[in-house]
Amino acid sequence: MRKPLTITILWLALTLAAPALANPADDSKIAAIGQTLDRLHAAAAKADGKAYFDLFAPDAVFIGTDATERWPVEAFRAYALPLFAKGKGWTYTPRLRHVTLADVPCGCLAWFDEILDSAHYGTSRGTGVLTLTPDGWKIEQYVLTFPIPNDLAAAMTAKIRAYEATNGK
C-alpha cells in the first residue's frame, strides 16, 4: 500500500514542479535564435549581402545542396556578394522550426532544423549551429538540403549515382 502512495506523491511533485523548472531565459534565447534565422532568410530574399553575412560567425561554414559545396564563410561571401549586387537573392520561407539549446553552463550554443519552402525548389531543409556572442547569436554552420521522401529515395539516389559516374564525384 505504501508503494502506490509513494509513486503518486512523486508523480504529483514532478508534475507540479515542471512549470517551475521551465527557464524563461531559454524561451528568450530560442526566440532570439528564431529572429536571427528569420533575418537571415529576409536578407537573402532582399539580396542584402551585408545584413546576410553579418549573421555568420567569422569562421562559419555554409554547406550547400551539392556534395561539393562546403563553403568557408569568406568563400561563400565571395560567391554570393556579386549575385546580391545584381539583386539576385534567394527566398526560403520557414514553415517549421525546432531550436535546441545545448545544456552547457554558458547557454551559448544551440542547433536548429527548419523546413523551408521555396518557389524555385519546393521543400528544403536547413540545419545548423549558432553561438551566442557579444554581438548576438551568430551562425557557425548552415546546411541546406533537399529532403527526399523515402518512397522516392532509391530512384533519386540511383540518378545521383549515375550523374556522379558520368561527371565525377
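## Briefing: a disulfide, salt bridges and a surface patch

Cys106 is partly exposed, with a relative accessible area of 46%, and it makes a good place to start a tour of this predicted model. Its partner is Cys108, and the two cysteines form a disulfide. Around that pair, the protein is built from five helices and six strands. The points below go from the overall build to the disulfide, then to two residues of strand β4, the salt bridges and a nonpolar patch.

**Overall build**

- Reading from the N terminus, the elements come in the order α-α-α-β-β-α-β-β-β-β-α, giving five helices and six strands in total.
- The protein has 169 residues, and 27% of them count as buried.
- Among contacts with a separation of 6 or more, 47% are made by residues 24 or more positions apart.
- About 11100 Å² of the protein is exposed, and carbon and sulfur atoms supply 62% of that area.

**The disulfide**

- How many disulfides does a search of the whole structure find? The search finds one, and it joins Cys106 and Cys108, with sulfur atoms 1.9 Å apart.
- The torsion about the S-S bond of Cys106 and Cys108 is about -60°, so this disulfide is left-handed.
- Cys108 has a relative accessibility of 23%, and therefore counts as partly exposed, since the partly exposed class lies between the buried limit of under 20% and the exposed limit of over 50%.
- Cys106, at 46%, is also partly exposed.

**Two residues of strand β4**

- Trp111 sits in strand β4 and counts as partly exposed, with 41% relative accessibility.
- Leaving aside residues up to four places away in sequence, Trp111 touches His98, Val99, Thr100, Ala102, Gly128 and Val129.
- One of these, His98, is 13 residues from Trp111 in sequence, and the two C-alpha atoms are 8.4 Å apart in space.
- Ser118 belongs to the same element as Trp111: strand β4 covers residues 109–118, and Trp111 is found in it.
- Is Ser118 buried or exposed? With a relative accessible area of 10%, Ser118 is buried, because the class takes in residues under 20%.
- A polar atom of the Ser118 side chain lies 3.1 Å from the backbone nitrogen of Tyr121.
- Beyond residues up to four places away in sequence, Ser118 touches Thr91 and Tyr92.

**Salt bridges**

- Side chains of opposite charge can pair when their charged atoms come close. In this model, the count comes to five salt bridges, and three of the pairs are described here, starting with Asp38 and Arg97.
- The side chains of Asp38 and Arg97 meet at 3.0 Å, N to O. This pair links distant parts of the chain, with Asp38 in helix α2 (residues 24–45) and Arg97 in strand β3 (residues 93–101), 59 residues apart.
- Asp38 counts as partly exposed at 38% relative accessibility, and Arg97 is partly exposed with a relative accessible area of 22%.
- Which residues are linked in a network of salt bridges? They are Asp38, Arg97 and Glu114.
- Arg95 and Asp117 also meet through their side chains in a salt bridge, at 2.6 Å from N to O. Arg95 lies in strand β3 and Asp117 in strand β4, so this pair ties together parts that are 22 residues apart in sequence.
- Arg95 is partly exposed, with a relative accessible area of 49%, and Asp117 is partly exposed at 30%.
- Lys50 and Asp54 form a salt bridge with an N to O distance of 2.7 Å.
- In that pair, Lys50 is exposed, with a relative accessible area of 60%, whereas Asp54 is partly exposed at 36%.

**A nonpolar surface patch**

- Which residues make the nonpolar surface patch of about 320 Å²? The patch is made by Ile148, Leu152, Met156 and Ile160.
- Ile148 is found in the loop between β6 (136–145) and α5 (150–167).
- Ile148 is partly exposed, with a relative accessible area of 36%, a value that meets the patch requirement of over 30%.

Terms used:
Residues numbered from 1 in each chain as written. Predicted model: local features only at pLDDT ≥ 70, side-chain atom pairs only at ≥ 80, totals over all residues. Heavy atoms only, no water. Patch = residues over 30% accessible without salt bridge, like charges linked within 9 Å, V, L, I, M, F, W, Y side chains within 5 Å. Areas by Shrake-Rupley, 256 points an atom, 1.4 Å probe, with all protein chains shown as cover. Salt bridge = Lys/Arg side-chain N within 4 Å of Asp/Glu carboxyl O. Helix = DSSP H or I, 4+ residues; strand = E, 2+ residues; numbered from the N terminus. Buried < 20%, exposed > 50% of the residue type's maximum accessible area, 1.4 Å probe, protein only. Polar contact = N/O pair within 3.5 Å; in protein donor to acceptor, adjacent residues only side chain to side chain. Contact = heavy atoms within 4.5 Å. Disulfide = S-S within 2.5 Å.
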